[in-house]
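Let us take a walk through this model together, one strand at a time. Keep the viewer open as you read.

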Amino acid sequence: GRELQQMHRCRALLLCTMMTSSLGYSIPPPLSSRPPATVGQKLHDIDSPALVVRNKALEHNLAKVHQLVKDGGSKVVVRPHGKAHKSVLLAAKQVESGCVGVCAAKLGEAASFLEGGIKDVLLTNQLVGQPKADRLAELAAKHPEAKLAVCVDSFEGVDELSAAARSKGVHLNVLVEVNVGQDRGGVECDKAVPLVRHVASKAPHLVFGGVQGYMGLNQHIRARSDRAAASRVVADKLRGVVG
């Protein structure tokens, strides 16, 4: 997995460089600094693409999700994924409603949320390569008031994060991602505990923050009972790791 990710990244960078060089152009600046939409603007006057929010519906949904969690009687907390809207303003509104923080899919998103004042950001993917680990540590150093966490699924990734954190004099929160069936990332269940121990051995610069399991395919199961059953399978796999 790790070697394949690096290969694809190198190929993408090479292809982008070749295309830019051979065609003789670079990415142009925006045509206008005018925002595509303003508050109160009529729908047919809005330029696209634009993120349009119905505020009453947003507030209703935020209240509802927290009420559902409360009614369930569990200790579950809500951390929405910022990649869904890529908006610091919406992330702040989510946190104000009771969310513990937000998720980010990549370093650029995490940096934007931190710069915008979000104090708790989880990078839900693994970083590949020392340069990205260094950038994460730089973010942590720049925002010491914030809690910044990242996922790992390899010993190499842990070592790179440890070296970066040590060089910047910061602490990074680390979650071990476990492959619970999505087969997209994460360490296999029987390999999780050795990786957790490796994270713990890098203290105090790395702080073990728990395990992560992602099974996004379950959200596409239409029947609630079937979706619940599939989710229990995932939960049982994680319990088997932490129990």
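What follows traces a series of paired strands and the helices that link them. Please bear in mind that the model is predicted.

A good place to begin is strand β1, residues 102-104, which pairs with β2 in the parallel sense over three bridges. To find this pairing on screen, look for C103, whose bridge partner in β2 is L122. The helix that goes with these two strands is α4, residues 107-115, and β1, α4 and β2 make a right-handed β-α-β unit.

Now stay with strand β2, which spans residues 120-126. Six of its seven residues are buried, so β2 is largely enclosed by the rest of the structure. On to β3: five bridges join β2 to β3, and the two run parallel. Here V121 has L148 in β3 as its bridge partner. From β2 the chain crosses through helix α5, residues 130-142, to β3, and this β-α-β crossover is right-handed.

Strand β3 covers residues 147-152 and pairs with β4 in the parallel sense, over four bridges. In this pairing A149 stands opposite N173 in β4. Helix α6, residues 155-168, completes a right-handed β-α-β unit with β3 and β4.

How many of the seven residues of strand β4 are buried? The count for β4, residues 172-178, is seven of the seven, so this strand is largely enclosed by the rest of the structure. Here buried means under 20% relative accessible area. Both faces of β4 are covered: L172, V174, V176 and V178 are buried on one side, while N173, L175 and E177 are buried on the other.

The next partner of β4 is strand β5, residues 206-213; seven bridges join the two, which run parallel. N173 serves as a handy landmark again, since its bridge partner in β5 is V207. The helix for this step is α7, residues 192-201, which makes a right-handed β-α-β unit with β4 and β5.

Let us finish with one residue in β5, namely Q212. Is Q212 buried or exposed? Its relative accessibility is 12%, and because buried means under 20%, Q212 counts as buried. Setting aside residues up to four places away in sequence, Q212 touches L122, T124, C151, L175, V176, E177, V178 and L238. Some of these names are familiar from the walk: L122 is the β2 partner of C103, and L175, V176, E177 and V178 are among the buried residues of β4.

Terms used
Residues are numbered from 1 along each chain as its sequence is written. This is a predicted model: local features need pLDDT of at least 70, side-chain atom pairs count only at pLDDT 80 or more; totals for chains, interfaces and linings use all residues. Side-chain values use heavy atoms; hydrogens and water are left out. Buried means under 20% relative accessible area, exposed over 50%, partly exposed in between (1.4 Å probe, protein chains only). Two strands pair if DSSP finds at least two bridges between them. A crossover is right-handed if, with the strands pointing away from the viewer, the path from the first strand over the helix to the second runs clockwise. Contact means heavy atoms within 4.5 Å.
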